Amino acid sequence: MLLKDYGTDYYVCSYISNGIDEIRSDVNSFSVGTLSDYVKFQVRSIDSYKPSTLEAKVSIGYTVGNGVEISEMGFCYGETENLSVDGTHAKADRIGDGYFSATLSGLQPGKQYYIRPYLKDGANVAYAEVTPLNVYSTPEVITGKVKDITDNSARICGEVTDDCGKEITERGFVWSEGDVKPDMNSSIQPVSGAVGSYELTISDLKPNTIYSVRAYASNQEGTAYGDVVNFTTNVAMASVATEKVADITSSSAVVHAKVSNSGGEELTDFGILLGTSKEVNPENSKSERVTITEVHLEIGAIQPRHKHD
């Protein structure tokens, strides 16, 4: 016996017939009840919320009794607790084994919303309880351009475009060598401020090296990152200066030289060029490349001693 009129009272009696007479039992009554009597909703969850699209993905589990034929399911939602399928609602866009989910649109971050799952069997509707829906989220942050790149520094840019309803507790940049995804365990530098653009010059970088950088921002919901931006520092120019010549005798002198930049590479050779003309270079016939016979190294300094025969 298939009964589909939810909320209807039925009356029933049993009977027998022997071909001569029909015998009936007393009349009993029962009620089919409402659709809600045959539906049980479980805990609902927010699968995701994207401030950029103002959409939230929500899902809920459910069970139904025998005889229920589901024709539609989804979620009613709005800024008040007075919710029904006659108002704003989203039909399920995914149905699984004992659960369904839907996409709610137009949800502004930081606002208080309410949600009410529903299930229909024909014109009959079963509702779950109305519950609050908070669509707070981690901030939206963008990694901008990398500017003013040198052999050991760069200026990096970022922007927090939305705090997503929660106060920004920290923002800044993270960076690492190589083509990687830097995080809070990488090199990090906070930059004061909240929503808006910001910049930072990072230094002590290696010449001719690939770096990866990301802007980040945090609120009470967590930390979000911008896209990874890669850049390569410039090739450094090695530089050396002759600081002074001391301890001069008729046959020797001590030349004090200082290397201020090795060009990012290990020094493989160093020395002095000696000549009797200001045009001191290996191509000048009056110049010679002097072999260093004694070297005293100090921090950032080379002090070769040359004995001239």
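These exercises work through sheets, salt bridges and aromatic contacts in one structure.

The model is predicted: local features need pLDDT of at least 70, side-chain atom pairs count only at pLDDT 80 or more, and totals for chains, interfaces and linings use all residues. Residues are numbered from 1 along each chain as its sequence is written, and side-chain values use heavy atoms, with hydrogens and water left out.

**Exercise 1. Find the edge strands of the four-stranded sheet.**

Step 1. Fix the terms. Strands are DSSP runs (E, at least two residues), numbered from the N terminus. Two strands pair if DSSP finds at least two bridges between them.

Step 2. Read the order. The sheet is open, and its four strands run S5-S6-S10-S9 with antiparallel pairing.

Step 3. Look at the ends. S5 (39-50) and S9 (94-95) each have a single partner strand, so one side of each has no neighbour in the sheet. These two are the edges.

Step 4. Check one pairing. S5 and S6 (residues 55-64) run antiparallel and are joined by nine bridges. Lys40 stands opposite Thr63 in S6.

**Exercise 2. Describe the three-stranded sheet.**

Step 1. Take the order. This open sheet reads S14-S15-S18, with antiparallel pairing.

Step 2. Name the edges. S14 (140-147) and S18 (196-202) each pair on one side only.

Step 3. Add the angle. Neighbouring strands of this sheet are turned by 20 degrees against each other on average, direction ignored. Here axes are lines fitted to C-alpha atoms, and angles run from 0 to 180 degrees between N-to-C directions.

Step 4. Count the bridges. S15 (residues 154-162) pairs with S18 in the antiparallel sense over seven bridges. Cys157 has Glu199 in S18 as its bridge partner.

**Exercise 3. Which parts of the chain does the salt bridge of Lys111 and Glu79 tie together?**

Step 1. Apply the rule. A salt bridge is a side-chain nitrogen of Lys or Arg within 4 Å of a carboxyl oxygen of Asp or Glu. The count by this rule is seven.

Step 2. Take the distance. The closest N and O atoms of Lys111 and Glu79 are 3.6 Å apart.

Step 3. Place both residues. Lys111 lies in the loop between S10 (99-104) and S11 (112-121), and Glu79 in the loop between S7 (72-78) and S8 (89-91), so the pair ties together parts 32 residues apart in sequence.

Step 4. Judge the exposure. Buried means under 20% relative accessible area, exposed over 50%, and partly exposed in between (1.4 Å probe, protein chains only). Lys111, at 37%, is partly exposed.

**Exercise 4. Trace the salt bridges around Glu199.**

Step 1. Start with the pair. Glu199 meets Lys147 in a salt bridge, 3.0 Å from N to O.

Step 2. Place the partners. Glu199 is in strand S18 and Lys147 in strand S14, so parts 52 residues apart in sequence are tied together.

Step 3. Check accessibility. Glu199 is partly exposed at 34%. Lys147 is also partly exposed, at 33%.

Step 4. Widen the view. Lys147, Arg155 and Glu199 are linked in a network of salt bridges.

**Exercise 5. Are Phe173 and Tyr198 buried or exposed?**

Step 1. Define the contact. Rings of Phe, Tyr and Trp (its six-membered ring) pair if their centres lie within 6.5 Å; planes under 30 degrees apart count as stacked, over 60 as edge-to-face and the rest as tilted. The structure holds four aromatic pairs.

Step 2. Compare with a worked pair. The ring centres of Tyr62 and Phe100 are 5.6 Å apart with planes at 55 degrees, so the pair is tilted. Tyr62 and Phe100 are both buried. With Phe75, they form one aromatic cluster.

Step 3. Take the pair in question. Phe173 and Tyr198 are tilted too, at 4.9 Å centre to centre and 45 degrees between the planes. Phe173 lies in strand S16 and Tyr198 in strand S18, so the pair links parts 25 residues apart in sequence.

Step 4. Read the values. Phe173 is buried at 0%. Tyr198 is buried at 4%.

**Exercise 6. Which ring does Arg116 lie over?**

Step 1. State the test. A charge sits over a ring if NZ of Lys or CZ of Arg is within 6 Å of the ring centre and within 35 degrees of the ring normal.

Step 2. Apply it. Arg116 lies over the face of Tyr127, 4.0 Å from the ring centre.

Step 3. Add another case. The charged end of Arg214 sits over the ring of Tyr225, 4.1 Å from its centre.
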